[in-house]
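Colleague: Could you take a close look at one helix for me and walk me through how it sits in its surroundings?

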Amino acid sequence: MTERKVNDIGGLPAGPVCQDEHASTLHEKRVDAILKILSGPKLKAFTSDAMRRAIESNTKEDYRNLGYYDKWIRAARELIIEQQILSREEIETRVEQLRAKYKKVAA
Amino acid sequence: MTAFAIRPGQALPVGAPVRVRKHPPEQHCRTPFYLRGIEGEITDVMGCFRDPSLLAFHKPGLPLRVLYRVRFKQADVWPNYSGSPKDTVVADIYDHWIEPLAGEKA
């Protein structure tokens, strides 16, 4: 296959680039922190090269539509599973627990 | 990224004319698609580095790859380029992605 990867879009026709900036949200800061802890010298769960590869494994559609930090956190989840730090079931169970908890708080 | 020393004779010299290969992209590929098949000139030899296409799969990234800085003419990269013919673009390219152009040594 000589096809280009979903991320490799340099030079393709596109509209003007949106250059608006916004302050980082709490969610974005958290994602950044989680990534730093996982890839840092203590855990060394994965390299930034592996992160890039996981992000580049998105479908064309997801790559285009997901936000920057959403791609990050999804890639981190896939790599945690790949490196057998947590299983997909463990992550999903915990997400469900947290979802139920916050639903209660919000109610 | 840690740079490792280059052995004598391991790297192409600064000024050498090269062409970017048309390999199928690795699953993690650091060579931009728009440079495939384009001819340019080495402007810097950055050192040896672990191979990112292997690091991306939790491997040690060996063999080490020589990383070059290569300059291309914008007019060679883009069809119908309307800027100055002097405009260039510089990219970092690993050794397995370039081939020397024989008989045209600078």
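Modeller: Here is a walk through helix α4 of chain A, with a few words on its surroundings. Keep in mind that this is a predicted model. Helix α4(A) covers residues 68–82, and its geometry is what you'd hope for: 15 residues at 1.5 Å a residue should span 21 Å, and the end C-alpha atoms are indeed 21 Å apart, so the two agree.

Now for burial. The buried residues of α4(A) are K71(A), A75(A), A76(A) and L79(A). Looking down the helix axis, you'd see them fall within an arc of 135°, so they line one face of α4(A). The general background is simple: an α-helix has 3.6 residues a turn, so residues three or four places apart point the same way.

What does that face meet? The buried residues of α4(A) pack against α1 (26–39) and α2 (48–56) of chain A. One of them, A75(A), also belongs to a separate core of 10 residues, which includes A50(A), A54(A) and I55(A) too. Just past the helix, α4(A) is followed by Q84(A), which has a positive phi, near 55°.

For contrast, try helix α5 of chain A, residues 88–106. Its 19 residues reach 27 Å from first C-alpha to last, close to the 27 Å expected. Yet α5(A) is hardly covered, with a count of 0 buried residues.

Chain A also has a partner: 14 of its residues are in contact with 14 residues of chain B. On the chain B side, the touching residues comprise 10 nonpolar, 3 polar and 1 charged.

Notes
Residues numbered from 1 in each chain as written. Chains lettered and ligands numbered in written order. Predicted model: local features only at pLDDT ≥ 70, side-chain atom pairs only at ≥ 80, totals over all residues. Contact = placed C-beta atoms within 7 Å. Nonpolar A, V, L, I, M, F, W, Y, C, P; charged D, E, K, R; others polar. Helix = DSSP H or I, 4+ residues; strand = E, 2+ residues; numbered from the N terminus. Expected span 1.5 Å × (residues − 1). Buried ≥ 20, exposed ≤ 12 C-beta atoms within 10 Å, placed from the backbone. Arc of directions from axis to C-beta. Core = buried A, V, L, I, M, F, W, Y, C linked by C-beta atoms within 7 Å.
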